[in-house]
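Reader: I've got a model open and I'd like to talk it through. Could you put it up so we can go over it together?

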Amino acid sequence: MRFEIKGEPLPVVLVYLDANEKVNCQKGAMSWMTPNMKMETSTGGFGKAMSKMFSGESIFTNTYTSEGGPGMIAFASSIPGSILPFDISQGEMIVQKGGYLASEPGVEFSVAFQKKFSTAMFGGEGFIMQRLSGKGMAFVEIDGYVVEYELQAGQQMLIDTGYLAAMSSTVTMEIEKVKGVGNVLFGGEGLFNTKVTGPGKIYLQTMPANNLAGALQKYIVTSS
């Protein structure tokens with residue numbers, strides 16, 4: 001399998017398959033393809049279906065096979081942002097809810113629950129993330145531009161809710177309350193921050209989908 005990513009800030013990943021090669025994707029992710037691509041839809045079993053449902057994905061997976069020769073299929077992003085390729089063979093990745101776009105068949109999908117109680121209580125969408133494991137390439141949607149950091153063992157970063165898009169499975173995450181009554185009441189940053197601790201890579205996004213929706217909402221209300 002070969003691929004190329006084009007067109008930020010409205011990117012698309014073009015996947016080139018040899019004869020009989022396959023690629024999996026989220027329901028509705030296909031944008032265009034050559035006529036020899038055959039589609040099959042499945043849930044992958046009850047356990048996998050439940051994992052997808054909890055982590056914000058459709059319970060159905062589409063598998064495309066290139067029949068009779070080489071083929072091409074394109075997967076476009078759903079909002080302005082980036083598409084990141086991860087070689088899962090090099091290590092598991094934890095990605096944001098709804099971030100999975102497509103992957104090679106060897107990539108396994110499961111729910112990554114955050115274990116700390118404080119994260120469970122206040123983490124919001126960050127409490128349930130997606131774990132990508134197994135072998136092969138996976139393509140993940142990032143909201144806005146992406147900034148990468150390589151955290152050393154014990155090194156930490158505080159992140160506002162929604163800006164953590166993906167991280168290595170070696171990185172731990174917990175929720176930390178903002179200190180100071182004045183900061184909470186007048187700071188405009190919410191009650192909690194996400195604290196991640198290395199070692200491993202983190203991928204931060206500059207425009208979470210919720211923030212984009214909020215920014216557009218005031219114009220929609222005004223115009224109506």
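Reader: What percentage of the residues in the protein chain is buried?

Author: First, a caveat: this is a predicted model, where local features need pLDDT of at least 70, side-chain atom pairs count only at pLDDT 80 or more, and totals for chains, interfaces and linings use all residues. Residues are numbered from 1 along each chain as its sequence is written, and side-chain values use heavy atoms, with hydrogens and water left out. Buried means under 20% relative accessible area, exposed over 50%, and partly exposed in between, with a 1.4 Å probe and protein chains only. Of the 224 residues in the protein chain, the buried share is 41%.

Reader: How many helices and strands does the chain have?

Author: Both are DSSP runs numbered from the N terminus: helices are H or I with at least four residues, strands are E with at least two. On that basis the secondary structure of the protein chain comes to four helices and 19 strands.

Reader: Which strand gives the largest share of the largest nonpolar core?

Author: A nonpolar core is a set of buried Ala, Val, Leu, Ile, Met, Phe, Trp, Tyr and Cys residues joined through side-chain atoms within 4.5 Å. The largest one has 16 residues, and Phe-86, Ile-88, Met-93, Leu-132 and Tyr-203 touch the most other members. Strands 8, 9, 11, 13 and 16 each supply at least two residues. The largest share, three residues, comes from strand 13.

Reader: Which residues does Ile-88 contact, leaving aside neighbours within four places in sequence?

Author: Contact here means heavy atoms within 4.5 Å. Ile-88 is one of the core members touching the most others. With those sequence neighbours left aside, its contacts are Met-93, Val-107, Leu-132, Ser-133, Gly-134, Gly-136 and Ala-138.

Reader: Is Lys-135 buried or exposed?

Author: Lys-135 is found in the loop between strand 12 (128-134) and strand 13. Not counting residues up to four places away in sequence, Lys-135 touches Ser-89, Gly-106 and Val-107. Its C-alpha atom is separated by 7.9 Å from that of Glu-108, 27 residues apart along the chain. With a relative accessible area of 62%, Lys-135 is exposed.

Reader: And Lys-195, buried or exposed?

Author: Lys-195 is found in strand 18 (residues 192-197). Beyond four places in sequence, Lys-195 is in contact with residues including Gln-156, Glu-174 and Glu-176. Its relative accessibility is 15%, so Lys-195 counts as buried.

Reader: Which strands stand at the edges of the six-stranded open sheet?

Author: Two strands pair if DSSP finds at least two bridges between them. The order is 5-6-3-10-13-8, with antiparallel pairing. Each edge strand has a single partner, so one side of each is left without a neighbour in the sheet: these are strand 5 (37-42) and strand 8.

Reader: Inside that sheet, which residue in strand 10 is the bridge partner of Asn-24?

Author: Strand 3 (residues 22-26) and strand 10 (residues 100-103) run antiparallel and are joined by two bridges. The partner of Asn-24 in strand 10 is Ser-103.

Reader: Then there's the four-stranded open sheet; which residue in strand 7 does Met-33 stand opposite?

Author: That sheet has the order 1-2-7-4, with antiparallel pairing. Strand 4 and strand 7 (residues 71-76) are joined by three bridges. Opposite Met-33 in strand 7 stands Ile-73.
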